[in-house]
Amino acid sequence: EEPSNFRTDTPTCANDNLRIVMAIFASNKRAINAIDIKCAFLQGKSIERDIYVLPPKEFDDGNLWKLNTTVYGLKDASRIWYLKVKEQLMLLGCKVSKFDEALFYWYSDNILCGILCSHVDNFCWGGTIEFKLNVIDKIKETFSISSEEISRFKYLGLKFSQFKDEIKVDQISYLDELKVIPLLHERRQDKNDLLKKKEVRDLRGVIGKLNWLSRQTRPDLAFETCQISV
């Protein structure tokens, strides 16, 4: 891929906006839904530059292939996919939020009937039957879907569970995956014994996971996480 000045940034729904949307769904007793798009980047818009690739061995006839759409690995594949999603949703009457380009909403007779948050190939939505029929079902006809879930699902590493009048979010399974880094008692007593490269790498990995956890669902861990990050 030749270097160029094309844009590669891709809007994704902000964490705080996702929580606001969940609060709206809960207060209006709208069921929360999640959709996962299958091979999303292969369903993006046509690319406007020339990209050639070597074909797979089983199809290699000595010629290069010219891409019509993006493939995984191209710098702007994610953005071109977003533009395709935005185009389709706007054709169906959705509007883009002024505050978050990955947040779409749909009105009918000046009444808010549906909201959709996008994060690359993951959509979270809620709304009326009218919104489902006029927008969501049309999206499912346009794009290949790998999975669809309702009320209880994992979305962006978070577990959402919907009850009668509330939506709970947790990362219990994610927390269970955090492992203690073993260190011999003798080494813990010797303050001059530096960590080995692998131990430093493992520690950085745990700190990164704790940062993600404290930013998402465990703000009570933020201070301790900042302390060990220094």
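Analyst: In this predicted model, a residue is called buried when its relative accessible area is under 20%. Over 50% makes a residue exposed, and anything in between is partly exposed. Keep that handy, and let's start with helix H1.

User: OK, which residues of H1 are buried?

Analyst: Asn17, Leu18, Val21, Met22, Phe25 and Ala26 fall in that class. They pack against strands E5, E6, E7, E9, E10 and E11.

User: How do you know what length to expect for H1?

Analyst: The rule is 1.5 Å times one less than the number of residues. H1 covers residues 15-27, which is 13 residues, so the rule gives an expected 18 Å. From its first C-alpha to its last, H1 reaches 19 Å, close to that expectation. Right after the helix comes Lys29, with a positive phi near 55 degrees.

User: What makes Cys94 count as buried or exposed?

Analyst: Its relative accessible area is 4%. That is under the 20% limit, so Cys94 is buried. You'll find Cys94 in the loop between helix H2 (77-91) and strand E4 (95-96). Setting aside neighbours within four places in sequence, Cys94 is in contact with Leu89, Phe104, Tyr105, Trp106, Phe131 and Val135.

User: And the cysteines Cys39 and Cys226, why are they called partly exposed?

Analyst: Cys39 has 40% relative accessibility and Cys226 has 47%. The partly exposed class runs between 20% and 50%, so Cys39 belongs there, and so does Cys226.

User: How many disulfides does a search of the whole structure find?

Analyst: Zero. To count, a pair of cysteine sulfur atoms would have to be within 2.5 Å, and the search turns up no such pair.

User: What makes Asp109 exposed?

Analyst: Asp109 has a relative accessible area of 73%, so it goes in the exposed class, whose cut-off is over 50%. Asn110, at 75%, is exposed too. Both sit in the loop between E5 and E6. Their backbones are worth a look: Asp109 has a positive phi of about 55 degrees without being a glycine, and Asn110, also not a glycine, has a positive phi near 65 degrees.

User: Where does Asp121 lie, and what class does it get?

Analyst: Asp121 is in the loop between strand E6 (111-119) and strand E7 (122-127). Its relative accessibility is 22%, so Asp121 counts as partly exposed, since buried would need a value under 20%. Leaving out neighbours within four places in sequence, Asp121 is in contact with Ile35, Asp36, Ile37, Ala40 and Trp81.

User: How do you know that the side chain of Asp121 makes a polar contact with the side chain of Asn122?

Analyst: The distance is 3.1 Å, and the limit for a pair of N or O atoms is 3.5 Å. These two residues are adjacent in sequence, so the pair counts only if both atoms are side-chain atoms. Here it is side chain to side chain, which fits.

User: Which residues touch the most other members of the largest nonpolar core?

Analyst: Trp81, Leu89 and Phe123, in a core of 26 residues. E1, H2, E5, E6, E7 and H3 each supply at least two residues of this core, and H2 gives the most, with six. Apart from it lies another core, of 18 residues, among them Leu18, Ala26, Cys124 and Ile167.

User: What makes strands E10 and E11 a pair?

Analyst: Two strands pair if there are at least two bridges between them. E10 (158-162) and E11 (167-170) have four bridges, running in the antiparallel sense. Phe160 stands opposite Val169 in E11, and a hairpin of four residues joins E10 to E11.

User: Why is Gln162 called buried?

Analyst: Gln162, which is in strand E10, has a relative accessible area of 12%. The cut-off is under 20%, so Gln162 is buried.

User: And what does the side chain of Gln162 reach?

Analyst: A polar atom of its side chain lies 2.7 Å from the backbone oxygen of Arg30. The Gln162 side chain also reaches the backbone nitrogen of Ile32, at 3.0 Å. Each distance is within the 3.5 Å limit for a polar contact.

Notes:
Residues numbered from 1 in each chain as written. Predicted model: local features only at pLDDT ≥ 70, side-chain atom pairs only at ≥ 80, totals over all residues. Heavy atoms only, no water. Buried < 20%, exposed > 50% of the residue type's maximum accessible area, 1.4 Å probe, protein only. Contact = heavy atoms within 4.5 Å. Polar contact = N/O pair within 3.5 Å; in protein donor to acceptor, adjacent residues only side chain to side chain. Core = buried A, V, L, I, M, F, W, Y, C linked by side-chain atoms within 4.5 Å.
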